[in-house]
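I opened this notebook to record what I looked up, chain by chain and residue by residue. The entries follow the order in which I checked things.

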Amino acid sequence: MTIDRNMRVLVVDDFSTMRRIVKNILKQLEFNNVVDADDGTTAWEILNKDKIDFVISDWNMPKMSGLELLKKVRNSEEFADMPFLMVTAEGQQEHIIEAVQAGVSNYIVKPFTPETIEQKIEKIFEK
Amino acid sequence: MDSIFAKPIVQATQNVLSTMAMIDPKVDKPYIKKDKKALGDVTGVIGMTADNSKQGVMSVTFTKDCAVAIVKNLLGGEVEDLIQDVKDAVGEVTNMIAGQTRQNLEAIGINLSAATPTVVMGDNHSVSHVTEDKIIVIPFNTEHGTFVVEFSMKE
């Protein structure tokens, strides 16, 4: 299946450095339609006013965490099927299980290479 | 107990910086320090809890040149506001090193939870640990300068 490189991607992380790293990698992968948010609350607002096709989110963030955002997305009628990639420093088994149970589409533990992001995106969209 | 932490911290530090910033830090011999004085110019600090009771702190202190090089490599040279970018990047690098260390420790049966990192900058700043009796210092060398990872845990 061909991935639509024009899809609108929302990158969520409280650290500007990580948002910029992920956006740079997406640019290398020719995803140029990218917006960002610095926590789950802002991300939720963007989801409700913009047309987002894919969310890439950190876990630990102030106000609303990535896990809370994921649960909110999955419990909503409108975004329940939204592809959702978690990119986080939380690599312990219990966290991965929690995210899977909450309905994450795929999961990346920091640190990561551009190749890892590419592979995980491919896996999400080939399903 | 303390020596158990050194190897997972070294592995995590080298993995994070080589994967994300294309820098291969060489480790020097760890030692114990007994004061709060920071061994560099900018420090990321993260609180940790082991077994839901023991309090710990991990900190990562970079010299100015080393921090700037890491930021430039992380961001592909696209630095906008150097001070803000250094502060943000050191926080994120500390977060990743702590996360990877926790993952390495989980593999040997030690479960740590962590808070969100804070960053302190400036000449002669201090780093607050949970104890001043025994702070493990792991020094690293890079082609851009030195940095240290410190770890303390209250038994």
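**Helix α2 of chain B.** I began with helix α2 of chain B, residues 64-74, where I found B:C66, B:A67, B:V68, B:A69, B:I70, B:V71 and B:L74 to be buried. I kept in mind throughout that this is a predicted model. Just after α2(B), I noted that B:G76 takes a positive phi of about 60 degrees.

**From B:C66 to B:N141.** One residue of that helix led me on, since B:C66 and B:N141 are 75 residues apart in sequence, yet their C-alpha atoms lie 9.3 Å apart in space. I located B:N141 in strand β7 of chain B, which covers residues 135-142. Is B:N141 buried or exposed? It is neither, because its relative accessibility of 29% falls in the range that counts as partly exposed. Setting aside neighbours within four places in sequence, I listed B:D24, B:P25, B:K26, B:D28 and B:T146 as the residues in contact with B:N141.

**B:M22.** I then turned to the loop between α1 (2-21) and β1 (26-27) of chain B, in which B:M22 is found. The phi of B:M22 is near 55 degrees, which is a positive value in a residue other than glycine. I also checked its accessibility, and at 56% B:M22 counts as exposed, because the cut-off for that class is over 50%.

**Chain B as a whole.** Stepping back, I counted three helices and eight strands in chain B, and I wrote down their order from the N terminus as α-β-β-β-β-α-α-β-β-β-β. The radius of gyration of chain B is 14 Å, close to the 15 Å that the globule rule gives for 155 residues, so I entered the chain as being as compact as a globular protein of that length. Taken along the principal axes, the C-alpha atoms of chain B fill a box of roughly 40 × 30 × 30 Å. I noted that 52% of the 155 residues of chain B count as buried, and that the accessible surface of the chain comes to about 6900 Å², with 48% of it belonging to carbon and sulfur atoms. Among contacts in chain B between residues at least 6 apart in sequence, 70% join residues at least 24 apart. For the charges, I recorded 14 positive and 20 negative ones in chain B, with mean positions 8 Å apart.

**Chain A as a whole.** I repeated the survey for chain A and found five helices and five strands, running β-α-β-α-β-α-β-α-β-α from the N terminus. Its radius of gyration of 13 Å agrees with the value near 14 Å that a compact globule of 127 residues would have. The C-alpha trace of chain A spans about 35 × 30 × 30 Å along its principal axes, and buried residues make up 56% of the chain. Chain A exposes about 5900 Å², of which carbon and sulfur atoms supply 45%. I counted 16 positive and 22 negative side chains in chain A, the centres of the two sets lying 2 Å apart.

**A:K63.** In the loop between β3 (54-57) and α3 (66-75) of chain A I looked at A:K63, whose phi near 65 degrees is positive although the residue is not glycine. With a relative accessible area of 72%, A:K63 is exposed.

**The interface.** Which residues supply the area that chain B buries against chain A? I first noted that 24 residues of chain B are in contact with 21 residues of chain A, and that the two chains bury about 2000 Å² between them, 52% of it on carbon and sulfur atoms. B:L75, B:D88 and B:E92 supply 26% of the area that chain B buries there, more than any other three residues.

**B:Q100 and the cis peptide bond.** My last entry concerns B:Q100, which lies in helix α3 (residues 82-106) of chain B and counts as buried at 10% relative accessibility. Leaving aside its neighbours within four places in sequence, B:Q100 is in contact with B:A12, B:N15 and B:V16, and also with A:K110 and A:P111 of the other chain. I found that A:K110 and A:P111 are joined by a cis peptide bond, with omega about 0 degrees, and that A:P111 lies in the loop between β5 (106-109) and α5 (114-126) of chain A. Within chain B, I also noted that B:Q100 and B:T13 are 87 residues apart in sequence and 8.1 Å apart in space, C-alpha to C-alpha.

Definitions and conventions: Residues numbered from 1 in each chain as written. Chains lettered and ligands numbered in written order. Predicted model: local features only at pLDDT ≥ 70, side-chain atom pairs only at ≥ 80, totals over all residues. Heavy atoms only, no water. Helix = DSSP H or I, 4+ residues; strand = E, 2+ residues; numbered from the N terminus. Rg over C-alpha atoms; globule rule 2.2 N^0.38 Å. Buried < 20%, exposed > 50% of the residue type's maximum accessible area, 1.4 Å probe, protein only. Contact = heavy atoms within 4.5 Å. Areas by Shrake-Rupley, 256 points an atom, 1.4 Å probe, with all protein chains shown as cover. Lys, Arg positive; Asp, Glu negative; His and termini not counted. Charge placed at Lys NZ, Arg CZ, Asp CG, Glu CD. Buried area = accessible area lost by both parts, 1.4 Å probe.
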